[in-house]
Amino acid sequence: MSSTSMLDAALLAPRLYKECVAWASSLDKNGLSGLLILITITAITWNYLSTPKQRLVPGIPIIGGASTKDRIRNRERFRHDSKAMLTEGYFHNNVNGGFFYVPSPLGERLMIPVRYLEDLKTAPVDKVDFVGTFIEMFEGKYTTFGSRSTLHPRTVKADLNQHLPDVMMSVQDEIVECFDEIFPKCSEDEWTEVPLVDVITRIVARVSSRMFGGPELSRNSSWVAASIAFAIDGYIGAQKLKKYPEFLKPLAARLIPEVRILAKYYQEAEKAALPMLAERERTGERPKDLLAWMQDAAVDEETDPRFIAGILLKISFAAIHTTAAANSQLIFDLCAHPELIPLLREEYGRVADEDGKIGKKGFFQMHIMDSIMKESQRFNPLLLITFERIITEDWRLSDGFVIPAHTTIGVPAQAVAMDPKLYPEPETFDGLRFTKLRQTTDDPAVKGKAQFVAANPQSMAFGYGRHACPGRFFAGDEIKAITMYLLNHYDIKFAEGQTRPKSLQVETQFLPDHAATILCRKRRTT
């Protein structure tokens, strides 16, 4: 029996513990190696016995097979082939839109039918935990990713979304400066290769920082660099930690460079934010930016300036890299469907103000851009599973079905988006799909569901219910503004023979290819 299979068996069946001990002892009864192996197996088994156990509901199919061997194999498969597993479950293994389990490194995740969303969307967070899944995904216990504070969602909903038109005026100024300073220099005569995801990430970091703390923060190069590196190192660190059993993670976290360096980024956040907060407290100045709104909304421990600085850094991860991913996917799709680009330039000409900026009404009237963004997101969402929750105690649904405690649930959002019952010819990329839907109805509810920012059971890239992404309205306008500046000033295309880059699967994440490039050429001015 190999060491790998023995450890897997110990995790899944504690009754084999005695066999594990005998096996370890037989390797070197008197030597240090045998003792270390025995200690390791003991620690793993103790970890198993002390961890809350997942109870599977009988009769619900498990993708890839229900045997212990099948589940172990498919938990590893999920790391790189989750999309196919979720598609199989949604279209072939659930009956009439029923439940199915998908094995993952966190255990068997229970995929729920969308008809239960109404039952769950207002459930208490201590019973149906929204934040816990994010913390698990990014090993937040060690990377600090994830926060149970409600300061930032409260502020985004109450202040950012209300002042979005004013914010976007300032943001569009930042976009001009970003392209001048960050975008590779291109001529009108030659095509230049551009590492798209890297460049867009740097632009989005600057632009988002303008919203976070005005030009003082967006021009702070140390802060901008820290906000980008925090997400990259935290993500890499989390992936490295996932290779270790739970009982070794506290030790591993102290040794993994990408995890250890995260404290430095918090220091950079404090260096940037604390002087700004102190000056605003002294003068009473309150610009229209997130930092000021959080300063005003903070209560109790939230009023600590270091707390606000830390929250700002955590928000940067959510705001920068999600938006940059969606924006990169959109540009890849425009290169793959260049016939859409003239339509966007024409639309911009209709909605832009005299100074070239897009106002509140203009952003709303960009139906073609909005439709292409939504279609791009339908094919390549950032997350393959959304509405993820950890059930902390047995939870009874309205029809009597009980979800056992310690179950992670979710909706296979990308599979839902490919359902032909919801979207005709779902495998065909139709950039005007949602524009045509708006044009064929007078029903405001249907028109609303066709928008990029919509969060409903047929379109769940942003989640659903009270925990749906509150920053999606800013992100939508930000993507529109960045993309239109790019298209107005540059021609874009793939290299000869290049096809649209495939997205990278990392468990539930569906990421744009960071190695992919596009070609850009400065547009000729008339």
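Phe379 and Phe429 are both buried. In this predicted model, the two rings also make an aromatic pair of the tilted kind, with 5.5 Å from centre to centre and 45 degrees between their planes. Phe379 belongs to helix α19 (residues 367–379), while Phe429 sits in the loop between α20 (413–417) and α21 (433–439), so this pair ties together parts that are 50 residues apart in sequence.

That pair has plenty of company, as the structure holds 18 aromatic pairs. Another of them joins Phe145 and Phe230, again tilted, with the centres 4.9 Å apart and the planes at 50 degrees. Here the loop between α7 (140–143) and α8 (151–160) supplies Phe145, and helix α11 (residues 221–241) supplies Phe230, so parts that lie 85 residues apart in sequence get tied together. Phe145 is buried, and Phe230 is buried too. These two rings also turn up in one aromatic cluster, along with Phe134, Phe138, Tyr266 and Phe317.

Rings also meet charged side chains in this model. Lys374 lies over the face of Phe434, at 5.5 Å from the ring centre. Likewise, Arg378 has its charged end over the ring of Tyr423, 5.3 Å from the centre of that ring.

Now for the strands. Three of them make up an open sheet, in the order β4-β12-β9 and with antiparallel pairing. At the edges stand β4 (192–195) and β9 (490–493); each has a single partner strand, so one side of each is left without a neighbour in the sheet. From one strand to the next, the twist averages 40 degrees. Strand β12 (residues 517–522) runs antiparallel to β9, and four bridges join the two. Looking at a particular bridge, Asp491 has Arg521 in β12 as its partner. Helix α16 (residues 305–336) packs on this sheet and touches both β9 and β12, with its direction at about 80 degrees to that of β9.

How far does the predictor trust all this? Across the protein chain, the mean pLDDT is 90, and 89% of the residues reach 70 or more. The start of the chain is another story: pLDDT stays under 50 over residues 1–21. For that stretch, the model has 30 contacts beyond four places in sequence.

Notes. Residues numbered from 1 in each chain as written. Heavy atoms only, no water. pLDDT = per-residue confidence, 0-100. Contact = heavy atoms within 4.5 Å. Phe/Tyr/Trp six-rings, centres within 6.5 Å; stacked < 30°, edge-to-face > 60°. Buried < 20%, exposed > 50% of the residue type's maximum accessible area, 1.4 Å probe, protein only. Lys NZ or Arg CZ within 6 Å of the ring centre and 35° of its normal. Pairing = 2+ DSSP bridges. Axes fitted to C-alpha atoms, helices over the stretch in contact; angles between N-to-C directions.
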